[in-house]
Amino acid sequence: KFYEPDLRAKEVEEKSGDAVEWSDEVEFALDGLQRTAASAAMGARKGKKGKAADGKKMAPVSPSKSKLRLQSGRKLVALCSSRMHHSFIADDPSIRDSFLHGAQTMATAEYLDADISGPFAPTFALCSSLIVHSLVTQPAQSPWRPSRKDTETVFAILRDLLQSGLACLEKASASSSSSSKSGDGGLIGAAMAVKGACKMQNVHRELPSYCEEGLLPSLVSLLVLGRKLKAPETVEDSGEYDQMKECLLGSGLLHPLVGITEALLRRNNSSVGVRGPRGKVQDGWMLHQALRVLASATFLSEGNVRCIERSELPVLVLGMVESALANGGGGGLDADDGDCGGADDGKSDTGAAKECLHLLLNLTEISSGVCSVLRMEPLLARMDLSKGSDDKGSLNLVLGLLINCAEKDAGCRKRLSGLALPPEGRAFIEVLADLAFGGRKDGAILAAYASILLAFLATDQSLGLRQQVAGLLKGKRSEGGNLANHPLGPLITSLKEFLRFAKSFLTEKQSASLNNLVNNLLS
């Protein structure tokens with residue numbers, strides 16, 4: 001019998017050799033970053049220009065060392081991004097620590113400070129963000145589920161990158177307030193910038209075509225957060241999602257994220273330094289992504305909500321919803337905005353406005369303080385509530401928001417009880433009764449939400465609306481025992497039906513609240 005070589009063993013041996021060579025390249029590139037960092041620290045002890053994290057002065061890096069840093073950073077991105085090498089990371093997960101260390105090094109003030117790194121500072125930030133993006137998103141078939149320790153490291157990197165982006169936005173805002181210039185000056189091509197850092201990276205396909213150089217790392221960071229902080233689809237996803245929300249609270253990342261969102265909302269509402277079309281696309285993309293991340297981060301997360309509730313964000317967010325409705329002529333927010341990633345089609349504010357409503361729902365579900373500062377009358381005045389059957393999506397969100405506010409804030413209940421809606425000037429509670437018992441076959445959730453809100457207003461004894469609501473319900477169908485003769489029978493029936501239907505997805509707190517509401521109506 002002829003000899004047959006073991007080709008499989010040879011392939012394994014070759015792969016093992018390639019993996020060792022690749023791992024050596026990773027450590028060599030990381031060593032290049034560490035050596036230059038050590039040199040800069042030595043300069044700091046000599047009292048030269050710049051400041052280190054410990055408050056000591058830090059020297060500017062020499063051109064030769066800056067180039068070495070840049071080569072090392074780009075090499076790390078290339079080694080992390082190569083699809084051919086993804087299996088090496090899977091075989092040796094500990095190598096991720098080296099990449100994370102490199103990304104964290106390039107996200108420090110020493111690298112991001114233009115006084116120290118010169119014109120290369122934005123490139124270091126971009127390289128850091130691209131490494132994290134590659135680790136988190138590749139391979140797509142079996143994405144990395146980081147440990148708690150690794151999650152904390154990733155969030156620390158993203159926090160520093162977002163903080164740098166916030167500083168860029170604040171600087172641009174200060175300069176625009178002293179200048180009336182408008183347009184798209186200062187924007188660069190995202191694809192060219194990404195390819196300049198690493199030719200293998202294709203992340204630019206998910207980004208706007210043009211953006212401000214100083215904000216590009218923040219855009220990539222928002223992509224990473226959007227990927228990891230999203231509604232879970234599996235049991236494993238659910239565990240990771242809870243871990244992400246928990247780690248987010250202690251990472252300090254919410255501060256720059258909220259700051260960026262507030263800055264973009266103010267810029268969106270500012271009449272000074274009007275943005276050109278490309279700048280508006282960038283701002284709209286960032287705002288949509290930031291709001292989506294915040295909405296996911298605050299879903300049933302009391303800690304994250306408490307970090308946000310005292311900021312200016314809730315009021316600014318509500319203002320954007322009102323603006324979107326005004327620009328849309330009151331036609332609602334149900335435009336299909338898709339995934340907003342990488343598309344430069346000048347999307348309207350409707351997509352971001354829907355994310356605003358999701359965020360406000362999460363905040364008001366937990367925080368009575370947010371409920372007390374929101375004034376919903378201008379929002380309701382801009383909505384055409386008569387179009388309930390055609391615009392159920394946004395109206396359901398608005399009614400959910402009103403339910404949270406009416407449950408927790410007596411001032412909100414009082415204002416809603418006396419509210420008259422344009423154009424006919426109909427009482428708000430009459431419109432609610434129509435929505436709840438108008439017989440719309442395609443609006444069961446809408447009718448249930450309207451019933452719940454109507455019930456909160458009817459059970460507030462200080463408003464004296466019980467008899468008025470009973471009058472609006474005359475002739476409405478009611479079933480079940482003695483409820484047929486109860487003046488609020490139809491309302492009680494509606495709430496009981498909703499409780500039976502929604503039992504599987506209501507929280508214990510929500511179920512208890514609705515049961516108490518039914519008992520108050522019966523009394």
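1. In this predicted model, the side chains of Arg-148 and Glu-152 meet in a salt bridge, with an N to O distance of 3.7 Å. Both residues belong to helix 8, which spans residues 148-177, and they stand 4 residues apart, or about one turn of the helix. An α-helix has 3.6 residues a turn, so residues three or four places apart point the same way. Neither partner is buried: Arg-148 is partly exposed at a relative accessible area of 36%, and Glu-152 is likewise partly exposed at 41%.

2. A contrasting pair is formed by Asp-460 and Arg-413, whose side chains meet in a salt bridge at 2.7 Å, N to O. This pair links distant parts of the chain, since Asp-460 sits in the loop between helix 22 (444-458) and helix 23 (466-472), while Arg-413 lies in helix 20 (residues 410-417), 47 residues away. Both Asp-460 and Arg-413 are buried, whereas Arg-148 of the helix 8 pair is partly exposed.

3. Another salt bridge joins Arg-426 to Asp-434, the closest N and O atoms of the two being 2.6 Å apart. Arg-426 is partly exposed, with a relative accessible area of 32%, and Asp-434 is also partly exposed, at 34% relative accessibility. Elsewhere, Arg-145, Lys-228, Asp-237 and Glu-240 are joined into one network by salt bridges that share partners. The structure as a whole holds 20 salt bridges, so the pairs named here should be read as examples within the set counted by the 4 Å criterion.

4. Helix 21 (residues 428-437) has 8 of its 10 residues buried, so it is largely enclosed by the rest of the structure. The buried residues are Phe-428, Ile-429, Val-431, Leu-432, Ala-433, Leu-435, Ala-436 and Phe-437. Asp-434, the partner of Arg-426, is partly exposed, with a relative accessibility of 34%.

5. On the surface, Asp-18, Glu-21, Asp-24 and Glu-27 form a negative patch. Of these, Glu-27 can be placed in helix 1, which runs over residues 7-45, and Glu-27 is partly exposed, with a relative accessible area of 35%. That value satisfies the accessibility requirement for a patch, because a residue must have over 30% relative accessible area to be included.

6. Which cysteine sulfur is nearest to that of Cys-168, and how far away is it? The count of disulfides comes to 0, and for Cys-168, which is in no disulfide, the nearest cysteine sulfur is that of Cys-211, 9.9 Å away. Cys-168 is partly exposed, with a relative accessible area of 22%. For Cys-371 the closest cysteine sulfur is in Cys-405, at 4.1 Å, which is too far for a bond, because a disulfide requires the two sulfur atoms to be within 2.5 Å. Cys-371 is buried, with a relative accessibility of 0%.

7. To return to helix 8, Asp-160 is also found there, and Asp-160 is partly exposed, with a relative accessible area of 26%. The C-alpha atoms of Asp-160 and Ser-218 are separated by 9.5 Å, although the two residues are 58 residues apart along the chain.

Note on methods
Residues numbered from 1 in each chain as written. Predicted model: local features only at pLDDT ≥ 70, side-chain atom pairs only at ≥ 80, totals over all residues. Heavy atoms only, no water. Helix = DSSP H or I, 4+ residues; strand = E, 2+ residues; numbered from the N terminus. Buried < 20%, exposed > 50% of the residue type's maximum accessible area, 1.4 Å probe, protein only. Patch = residues over 30% accessible without salt bridge, like charges linked within 9 Å, V, L, I, M, F, W, Y side chains within 5 Å. Areas by Shrake-Rupley, 256 points an atom, 1.4 Å probe, with all protein chains shown as cover. Lys, Arg positive; Asp, Glu negative; His and termini not counted. Charge placed at Lys NZ, Arg CZ, Asp CG, Glu CD.
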